[in-house]
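Subject: Structure handover and findings

Dear colleague,

I am handing over the structure below, and after it you will find an account of what was found. Please read the text with the structure open beside you.

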Amino acid sequence: MQLRELLRFNDIVIQCHDNPDADALASGYALFWYFKKMGKHPRFIYRGRNEIRKSNLLIMVEELKVPVKYEPDFNRVPELLVTVDCQYGQQNVTLTKAVNVAVIDHHRETVDLPNMSEVRSSVGSCATVIWDMIRAEGLSVRDERLLSTALYYGLYTDTSRLSEMSHPLDRDMVDELVINKSIITEMSNSNISLEELRITGKAILDYDYYGKNKYLIIHADRCDPNILGVISDFAMETTGVNVCLAFYVSPDEIKFSVRSCVKEVHANEVAEFLSEDVGGGGGHMYKAGGTIRPEKLPLIGVGEDFESVFKLLQERMEDYFNKYEIIYARSMTLDTSNMPKYEKLPQHMGYVMLSDVYPTGTLIEIRTLEGDITISVTDDTYLMIGIEGEVYPIKKAKFEKSYKVTGEKYKGKFEYEPRIKDVASGTSKGIFEFARDAISQGGSYIYAERLYTYVKLFTAWDDEKYYSGGPGDYIASREDDPHDMYIIRGRLFGKLYKEV
């Protein structure tokens, strides 16, 4: 859905979920700004039994001039109702009748959505979704400092102070916004009440420790999701604790926070594993979080009560630790004596010579859907763009041996265009501007075998981050460099290689 599609309506009401949080307020604020910019006269409301009382949100509404109104008894039937940071018909938003309904959200789909919908469950905040939709209309909020600050704070709070931020669009928005830092500081320092201080202390005293895999599970009373991050961060200071999971259960949602301090456990992967089929999760290697939707639990035979949720999380944590074999490519090689040999099939791919983008010696950050890669520009380092938009570095000698340059501009299109950022200056450039086309050629051989278990592979390129593979994927090593190992997705393998 594009925002311009909504401009055919005149009587427009924007509604966020009951008991709105910062992301809901920021999202509605941004959409209100867009409609006003386009000459419309929208209303922005929230309903439910409770008016905003949290100190940080009261500061947000007052200082950032968020144009929201509390309308518990709203009974008009607008021509268009747009729900933000929630989905029409969910339990957490009071039903408002309307002639037409649109939904903009970043949570997993849990109800039947109307035709006019934009739901991106991979991004960290609804604020990011609306910021990107506004940007797609050719508009910028850079000069709207109060709105920019609200958008930033929406993402900031929904990702535990940016620690659970994972999608590159989230990071793009943070880079783009010009914010009032003093207001962010004021709101952040008003984020925890005395009651939440009590919740934090009580939760930390009531923990379950699992010594074999050195992790904690901590149950908290319902609180602001940021408090779960506070609890987890504090628990990670404990000797003998490598991973912490903190959570609370409420009728509307189950929120959880994950922390890790070891490279063999990526917190974002744990979050995704815990919420698989029942919600959504993501974040960074060491800090992540997520949500489990209560209405999804009966589908897997689990109740919505605390004991059932605790048992589910406990079982999934154990399953996670038990499922993986860990391989360190820098110090290990595969036994290829009985592995089939494959040749790479001709395939159009993109490549970028990094010295064409920034001068040699520049420390750069390459932003991709898989995460950020930080390397220094050298004359012999290229960047490859795979057939699904995946990006990885390659040395010039290996590139020239494996690929034939066509001289054409690369024409790939993907969900997100990777960007290359100069770490020192903060300037950022899209990768496709510099990408050229190349065809993989014969003479590049690998040994590979199908996986029947789960593995974590630390590549020779980076022994701090692993790549995960599972049943149906392939693990491979180059014939000419047995330490150059990688995971190849099962759905891609037949397109990329043939057995010789």
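A residue is called exposed here when its relative accessible area is over 50%, buried when that value is under 20%, and partly exposed in between. Please bear in mind throughout that this is a predicted model.

By that cut-off Leu 194 is exposed, because its relative accessible area is 73%. Leu 194 belongs to helix H7, which covers residues 194–205, and together with Ile 192 and Leu 197 it forms a nonpolar patch on the surface, the accessible area of the three adding up to about 330 Å².

Helix H7 also takes part in salt bridges, of which the structure holds 24. Side chains of opposite charge can pair when their charged atoms come close. In one of these pairs the side chains of Lys 54 and Glu 196 meet, with 3.2 Å from N to O. This salt bridge links distant parts of the chain, since Lys 54 is in the loop between strand S2 (43–46) and helix H2 (55–63), while Glu 196 is in helix H7, 142 residues apart from it. The two partners fall into separate classes of accessibility, in that Lys 54 is partly exposed at 29%, whereas Glu 196, with a relative accessible area of 8%, is buried.

A further salt bridge that involves helix H7 is formed by the side chains of Asp 221 and Arg 198, at 3.6 Å from N to O. Here too distant parts of the chain are linked, with Asp 221 in the loop between strand S8 (215–219) and helix H8 (225–235), Arg 198 in helix H7, and their positions 23 residues apart in the sequence. Asp 221 is partly exposed, with a relative accessible area of 26%, and Arg 198 counts as partly exposed at 39%.

Elsewhere, Asp 175 and Lys 421 form a salt bridge in which the closest N and O atoms are 3.6 Å apart. The pair links distant parts of the chain, joining helix H5 (residues 168–176), where Asp 175 is found, to strand S21 (residues 419–422), which holds Lys 421, over a separation of 246 residues. Asp 175 is partly exposed, its relative accessible area being 39%, but Lys 421 is buried at 18%. Both residues also belong to a network of salt bridges that links them with Asp 172, Glu 365 and Arg 367.

Which residues does Leu 369 touch, leaving aside those up to four places away in sequence? They are His 167, Pro 168, Glu 415 and Tyr 416. Leu 369 itself is found in the loop between strand S16 (363–368) and strand S17 (371–376), and it counts as partly exposed, at 37% relative accessibility.

Finally, is Gln 87 buried or exposed? Gln 87 is buried, because its relative accessible area is 0%, although its place is in the loop between strand S4 (80–84) and strand S5 (100–105). A polar atom of the Gln 87 side chain lies 3.4 Å from the backbone oxygen of His 107. Beyond residues up to four places away in sequence, Gln 87 touches His 107 and several others, among them Val 93, Val 103, Asp 105, Arg 108, Leu 113 and Val 119.

With best regards

Technical notes. Residues numbered from 1 in each chain as written. Predicted model: local features only at pLDDT ≥ 70, side-chain atom pairs only at ≥ 80, totals over all residues. Heavy atoms only, no water. Patch = residues over 30% accessible without salt bridge, like charges linked within 9 Å, V, L, I, M, F, W, Y side chains within 5 Å. Areas by Shrake-Rupley, 256 points an atom, 1.4 Å probe, with all protein chains shown as cover. Salt bridge = Lys/Arg side-chain N within 4 Å of Asp/Glu carboxyl O. Helix = DSSP H or I, 4+ residues; strand = E, 2+ residues; numbered from the N terminus. Buried < 20%, exposed > 50% of the residue type's maximum accessible area, 1.4 Å probe, protein only. Polar contact = N/O pair within 3.5 Å; in protein donor to acceptor, adjacent residues only side chain to side chain. Contact = heavy atoms within 4.5 Å.
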